[in-house]
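Reader: I should be grateful for a close look at how charged side chains pair in this model. Please then place that part in the context of the chain as a whole.

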Amino acid sequence: MAAALQVLRHLARAPLSPLLWGGPLARLASSMALAEQARQLFESTVGAVLPGPMLQRALSLDPDSGQLKVRDRSFQLQQNLYLVGFGKAVLGMATAAEELLGQHLVQGVISVPKGIRAAMESAGKQEMLLKPHSRVQVFEGAENNLPDRDALRAALAIRQLAEGLTADDLLLVLISGGGSALLPAPIPPVTLEEKQTLTKLLAARGATIQELNTIRKALSQLKGGGLAQAAYPAQVVSLILSDVVGDPVEVIASGPTVASIHSVQDCLHILNRYGLRAALPRSVKTVLARADSDPHGPHTCGHVLNVIIGSNALALAEAQKQAEALGYRAVVLSTAIQGDVKSVAQFYALLARVAGARLTMPGAGASVEEDEQLYELAAELQLPDLQLKEALEAVVGTRGPVCLLAGGEPTVQLQGSGKGGRNQELALRVGAELGRWPWGPIDVLFLSGGTDGQDGPTEAAGAWVRPELISQAAAQGLDVAAFLAHNDSHTFFCRFQGGAHLLHTGLTGTNVMDAHLLFLQPR
């Protein structure tokens, strides 16, 4: 078995000749090789946005003059550089920054996920670890991506450092996905627990990341431009690894270096939408009322340079390149997938149906009804950059395998108390949808994974599925519908075929939302 697996892995990494499709070797290798290729392409997606290389591309330092160049701006370094950071990729970013900036760095404070240093050391990722005598102080917190007391201590240490800066200083701010949970500093009298409870209630009712961040900013000392204000009059350079659809700097990590454009009325509108305004604690009402009557008006951040150094689009572009090297016709559909996970799953399954028909029967396509339904679903999801027509046209002239790539962050409305994450739930729902149709002479595989390596409160990054999932699960006595009803996708995948369909990467040290890969392969 081990020898056979090595052969299949070799096939997965080899260019795919059209002459093999339909042959006995391709049929034998199809299932395992396709899964191996899916994992390989997901890893290339993550590899494109690792923190060290991205930061080195963003910064350049002239050792003779001490000039630090960031894009088209230059800053003079004279033992006046300070660093703060927060997010899942910030440990590696800080390591790369300290190596580049050397003795110019006076002091730093970063807030990173609990256990990430041990995880990186265990995985042998020394490039992600600070040196023993680093000038950067590390706080670990926000276990399971939830703000906690450890993250609060980190946030207060970051605020203290920022408030001590002068007009001669430069503050380098490193921000990545997960940064919001790692920078909790609620405005008194709001407590961390009250803010956390409110955020959980909003998330459970399907609030978008943008809505969650609007509320967080209104109740935070550091978000919504608060960190930039604390650092004034120092110059601030913020290097941002985006984990938000469309890369809006005011939303990523709740915009600590971007002046908030939202008002108290925006917050109340969100709270009303999800039926939570009446249940607000007195402390939250006090802070919102105080902000509404602030005589100073909105803050400005003219002393700040915000730069996006990595994104979902960059990651998918690399995956597309790698897929093409493996012989696939690869198309990026969208980097802005969002909306309810049920609708997103229906869209992907129907896309596979329509694209698969074009691939196996050029000129025929799926039924007119299925085509219309696909475009209706796409319209409902309101994806601003969707290349659906282009992707379907590309499939028609293809004789070999196809890989459709997308990224983003769907939302899950919790109905049960099971264990899962949005990637595993999306994969399971797509698998259930794919099982509705006969597929004929075509192999289909869908993979969804979080680029941070952690899907919800689980150790998996995501999962992959095929149309046979429903029948194979039933043979094991597993009721897919029952697991979905309880939002218990992780438990399902742990039991299904011994967990073989789970995607395990470990913490990657980066985060640019999720990657969705849809493979269509003629037999």
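**A charged pair and its setting**

Author: Lysine 88 and aspartate 452 are joined by a salt bridge, with 2.4 Å between the closest N and O atoms. This contact links distant parts of the chain, since the two residues stand 364 residues apart: lysine 88 belongs to the loop between β4 (81-86) and α4 (90-101), and aspartate 452 to the loop between β12 (442-450) and β13 (462-465). The term salt bridge denotes a side-chain nitrogen of Lys or Arg within 4 Å of a carboxyl oxygen of Asp or Glu. Helices (H or I, at least four residues) and strands (E, at least two) are DSSP runs, numbered from the N terminus.

The model is a predicted one, in which local features need pLDDT of at least 70 and side-chain atom pairs count only at pLDDT 80 or more, whereas totals for chains, interfaces and linings use all residues. Numbering runs from 1 along each chain as its sequence is written, and side-chain values use heavy atoms, with hydrogens and water left out.

Both partners of the pair are covered. Lysine 88 has a relative accessibility of 12% and therefore counts as buried; aspartate 452, at 7%, is likewise counted as buried. In this scheme, buried means under 20% relative accessible area, exposed means over 50%, and partly exposed lies in between (1.4 Å probe, protein chains only).

In general, side chains of opposite charge can pair when their charged atoms come close. By the rule stated above, the count comes to 15 salt bridges. Two further examples lie within single helices. In the first, the side chains of arginine 159 and glutamate 163 meet at 3.9 Å, N to O. These residues are separated by about one helical turn because they are four residues apart in helix α6 (residues 149-163). Arginine 159 counts as partly exposed, at 27% relative accessibility.

The second example joins glutamate 425 to arginine 429, at 3.1 Å from N to O. Here too the partners are four residues apart, about one turn, in helix α16 (residues 422-434). Glutamate 425 is buried, with a relative accessible area of 4%, and arginine 429 counts as buried at 13%. Elsewhere, Asp443, Arg466, Glu468 and Arg523 form one network through salt bridges that share partners.

Charge also gathers on the surface. Glu369, Glu372, Glu376 and Glu380 make up a patch of negative charge there, and glutamate 372 is found in helix α14 (residues 368-381). Such a patch is made of residues with over 30% relative accessible area and no salt bridge, like charges being joined within 9 Å. Asp and Glu count as negative, Lys and Arg as positive, and His and the chain ends are not counted.

The loop between α14 and α15 (388-396) holds glutamine 382. Glutamine 382 has phi near 55°, a positive value in a residue other than glycine, and is exposed, with a relative accessible area of 63%. Methionine 513 also has a positive phi, about 70°, although it is not a glycine. Methionine 513 lies in the loop between β14 (502-503) and β15 (514-522) and is buried, with a relative accessible area of 2%.

Two cis peptide bonds may be noted in loops. The bond from proline 188 to proline 189 is cis, with omega near 10°, and proline 189 is placed in the loop between β7 (170-175) and α7 (192-204). The bond from tyrosine 232 to proline 233 is cis as well, with omega near 15°; proline 233 occupies the loop between α9 (226-231) and β8 (235-241).

As for the whole, the protein chain contains 19 helices and 15 strands. Its radius of gyration is 24 Å, close to the 24 Å that the globule rule gives for 523 residues, so the chain is as compact as a globular protein of that length. That radius is taken over C-alpha atoms, and the rule is 2.2 Å times the number of residues to the power 0.38. Along the principal axes, the C-alpha atoms fill a box of roughly 70 × 60 × 40 Å. Of the 523 residues, 57% count as buried.

Note on methods
Patch = residues over 30% accessible without salt bridge, like charges linked within 9 Å, V, L, I, M, F, W, Y side chains within 5 Å. Areas by Shrake-Rupley, 256 points an atom, 1.4 Å probe, with all protein chains shown as cover. Charge placed at Lys NZ, Arg CZ, Asp CG, Glu CD.
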